[in-house]
Amino acid sequence: MQSPSRVGRRSLIRSFAATSAAAMLWPPIGSAQQRAILTRQVPSSGETLPVVGLGSWITFNVGNDRVARDSCAEVMRHFFEAGGRVIDSSPMYASSQPVIGYGLGKLGKPASVFSADKVWTSSGSRGREQVEQSRQYWGVPRFDLVQVHNLLSWQEHLQTLFAMKAAGQLRYVGITTSEGRRHREIEQVMRSQPIDFVQVTYNPLDREVEERILPLARDRRIGVIVNRPFREGALIKKIKRHPLPGWAAEADCANWAQLILKFIVSHPAVTCAIPATSSVAHVRENMGAAYGRLPDEAMRRRMVAHVEAL
Amino acid sequence: MSEWWTYTLSDFLLFAPRTYYRLFELYNDDIWPAQIPALMLGIGFLVLLRRGDAWQGRAIAAILAGCWLWVAWAFHIERYAAINWAATYFAAGFAVEALLLAWTGLIRGGLRFRFTGHAIDRAGLALFLFALVAQPLLGPLVGRPWAQVELFGVAPDPTAVATLGILLLAADRVFWGLLVLPVIWCMVSGATLWTMEAPDAFVVPLAALLGVALAIWKGRTTAQSVMPSEARHLVDVESPVANDSSLRSE
C-alpha cells in the first residue's frame with residue numbers, strides 16, 4: 001500500500017516534463033531573468049504558472065501605514081523580479097487588498113500578475129458586489145481567479161462565480177479551506193462542481209490532503225494552490241534552530257524555507273504554493289524554491305522523516 | 001462556523017504585532033498634542049474626587065463618557081478598523097459605554113464619588129493611578145518605543161482600566177452595568193496581546209479581574225452596611241404589633 005506521502009517517480013517525471021527546464025546549479029536570485037522558473041500547468045486551461053506565489057494573510061494587512069505599504073510594495077517588486085506571478089488575498093484579510101493595489105500601482109501595474117482573490121460573505125446575493133469591491137482595491141481590470149473563501153455559502157457563490165466566468169469577468173473559479181478543515185465537503189465540491197482550483201493547507205507536517213484531495217484534484221483536472229506552507233511561520237521557527245541537512249543541496253535547497261516549499265511543489269498535483277511574507281529577504285528565499293532541481297520521491301520521504309524528527 | 005473546535009485564537013489575529021504597535025505610533029503622531037489634555041483630565045479626576053461638589057459626579061461621568069466616545073471614533077473607527085474588521089464592533093461597544101456613563105452619571109445624576117479611605121477605595125484609586133501613570137510605561141519597559149505609548153483617555157486599554165478604578169470609588173453601590181464593557185474590553189485586549197505573544201499580555205486582564213473582585217467585595221460590604229436599616233424597615237412594616245397599633249389608631 002502506498003503511503004500518504006508517496007508520489008510515483010513516473011508521475012513526477014511526467015509532471016515535470018511539462019515544466020520549464022530547471023537550472024542544475026543553484027543560481028542567485030538576481031539573475032532570475034537568465035534562468036527558467038519552474039512552472040506548472042493549470043489543468044483546466046494549460047496556462048503555466050510559477051510554482052511559488054505570494055500570499056497576503058497577516059503580512060500585507062498594514063492599514064494606512066505608508067512606510068509599511070512601501071515595504072510591502074518592495075516585497076512585491078522582488079517577487080516579480082524573481083519571476084513570481086500568483087498573488088493571493090481575500091476580503092477577510094482587512095487592508096491586504098488595498099495594500100496589494102497600492103503595490104501594483106507603485107510597480108506600474110505589472111502585466112504578469114496572476115490575481116487570485118476570494119469571496120467571503122455569508123450573503124450569497126452580496127458576492128458579486130464584494131468581488132467588484134475587491135477588484136477596485138486591487139486596481140486590476142478583472143481577477144484571474146476568484147475562490148470561495150473557506151466554503152462560506154459556497155452553493156450561492158459558485159453560481160455567481162461561474163456566471164461571471166462565463167461573462168468573461170474572471171478567468172478561473174475555485175474554493176478554499178485551510179488547516180485540514182471540511183475536507184469531506186471540499187471533496188464533494190470537487191466531485192460535483194466544474195471548479196478550476198482548490199486551495200488547501202499542505203506541508204511536510206500537514207499531509208492529510210495527500211490521501212484524497214490531491215489524487216482527486218489530479219483525477220478531476222483541478223489546480224491546487226497550497227496555503228500556510230510554513231504554518232504561519234511556526235514551522236520555520238521550530239526547525240530553523242537545526243542545521244539544514246547536507247542532502248538538501250541535492251534538491252538545490254539553500255535554506256529551510258526552500259526545503260519545505262520544494263517538498264510541497266514537487267507533488268505532481270500541486271500547481272503552486274503561496275507563502276506570505278513582509279520581508280524582502282524571505283521573499284527572495286521563497287522564490288529560490290521555484291528554481292533548480294526538485295526532490296524525487298525518495299528525497300520527499302526523507303524530507304518528511306527529517307522534519308518530523310526535529 | 002463549522003468545526004469551530006479546530007480554531008484557535010491565532011486564527012482570528014489578522015495582523016502582525018509590528019503592525020498593531022505601529023498603529024499606536026501613527027495614532028499618537030496624528031492626534032498630538034491631544035495626549036496632554038487627556039492626561040490633564042486624568043489629573044482632573046483626582047481634583048474632582050477631593051472636592052466632592054454637587055456637580056462632581058456629573059463632571060466625572062461627562063469626562064469618562066467623552067473619553068470612551070473619543071476612543072470609539074478616533075481609535076477604533078478611524079485607525080484600528082483598517083487592520084481589524086472587528087474594530088467596528090469594538091467601537092460600538094465603546095460608544096455604548098459612553099452612552100451608559102452619560103445616562104447614568106450626567107443625565108440622571110446617579111453617580112457620586114467619595115474617597116473614604118476604605119481598602120476598596122484605596123484599591124480603586126490605585127487602579128486608576130496605575131492606568132494613568134504606570135500602564136503607559138509598560139510598553140517601553142518591555143522594549144517598545146516611547147512613540148507607541150498608550151495613554152489614558154486616548155488609548156483603549158488604560159481608559160478601560162481607569163474606568164474600572166473610578167467606578168470602584170462610586171459612593172454607596174456597585175454600578176455593574178457600567179463595569180461590564182470595560183471588563184469585556186480588557187479580556188479582548190488581553191487575548192489579542194496574548195496571541196501576539198506580548199510579554200505584558202497578562203496585565204490588562206489581571207487589572208480587570210482585580211476590578212471585578214473588588215467590585216464583588218464592595219457589593220457585599222455595601223449590602224451589609226445598609227442591611228440594619230432595611231431590616232428595621234421590614235420589621236416596622238410586617239410586625240403584628242405595628243399592624244395592631246395602626247388598627248388602633250383608626
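In the predicted model, helix H4 (residues 87-107) and helix H7 (residues 176-195) of chain B cross in a left-handed sense, and their axes lie 9 Å apart at an angle of about 155°. Since angles over 145 degrees count as roughly antiparallel, H4(B) and H7(B) are therefore described as roughly antiparallel to each other. On the side of H4(B), the contact is made by B:Gly93, B:Val96, B:Glu97, B:Leu100, B:Leu101 and B:Thr104, which meet B:Gly177, B:Leu178, B:Leu181, B:Pro182, B:Ile184 and B:Trp185 of H7(B). By class, the residues of this contact divide into eight nonpolar, three polar and one charged.

These two helices belong to a chain whose secondary structure consists of nine helices and zero strands, so that, in the notation used for such patterns, chain B reads α-α-α-α-α-α-α-α-α along its sequence. Of the 250 residues in chain B, 36% count as buried. When contacts in chain B between residues at least 6 apart in sequence are considered, 72% of them join residues at least 24 apart. Towards the start of the chain, a cis peptide bond, with omega of about 10°, joins B:Trp32 and B:Pro33, and B:Pro33 is found in the loop that connects helix H1 (17-31) with helix H2 (35-51).

Chain B also touches chain A, with 14 residues of chain B in contact with 15 residues of chain A. On the chain B side of this interface, the residues comprise eight nonpolar, four polar and two charged.

Chain A, by contrast with the strand count of zero in chain B, contains an open sheet of seven strands, arranged in the order E3-E4-E5-E6-E7-E8-E9 with parallel pairing. Strand E3 (86-88) and strand E9 (272-273) stand at the edges of this sheet and have a single partner strand each, so one side of each is left without a neighbour in the sheet. Within the sheet, strand E4 (residues 114-119) runs parallel to strand E5 (residues 143-148) and is joined to it by four bridges; A:Lys118, for its part, has A:Gln147 in E5(A) as its bridge partner.

The loop between strand E8 (223-227) and helix H8 (234-239) of chain A holds A:Arg228, and A:Arg231 is found in that loop between E8 and H8 as well. A:Arg228 has a positive phi of about 45° although it is not a glycine, and A:Arg231, likewise a residue other than glycine, has a positive phi near 50°. As for their surroundings, A:Arg228 has 22 other C-beta atoms within 10 Å and is buried, whereas A:Arg231, with 16 C-beta neighbours inside 10 Å, counts as partly exposed. The cut-off behind this assignment is that a residue with 20 or more other C-beta atoms within 10 Å is buried.

A helix pair is also described in chain A, where helix H9 (residues 256-265) packs with helix H10 (residues 280-288) at an angle of about 40°, their axes being 8 Å apart. H9(A) and H10(A) are therefore oblique to each other, and H9(A) passes H10(A) in a right-handed crossing. The residues that meet are A:Ala257, A:Gln258 and A:Leu261 in H9(A) and A:His282, A:Glu285, A:Asn286 and A:Gly288 in H10(A). Two nonpolar, four polar and one charged residues make up the contact of H9(A) with H10(A).

How values were computed. Residues numbered from 1 in each chain as written. Chains lettered and ligands numbered in written order. Predicted model: local features only at pLDDT ≥ 70, side-chain atom pairs only at ≥ 80, totals over all residues. Axes fitted to C-alpha atoms, helices over the stretch in contact; angles between N-to-C directions. Parallel < 35°, antiparallel > 145°, perpendicular 65-115°, else oblique. Left-handed = near helix turned anticlockwise from the far one by under 90°. Contact = placed C-beta atoms within 7 Å. Nonpolar A, V, L, I, M, F, W, Y, C, P; charged D, E, K, R; others polar. Buried ≥ 20, exposed ≤ 12 C-beta atoms within 10 Å, placed from the backbone. Pairing = 2+ DSSP bridges.
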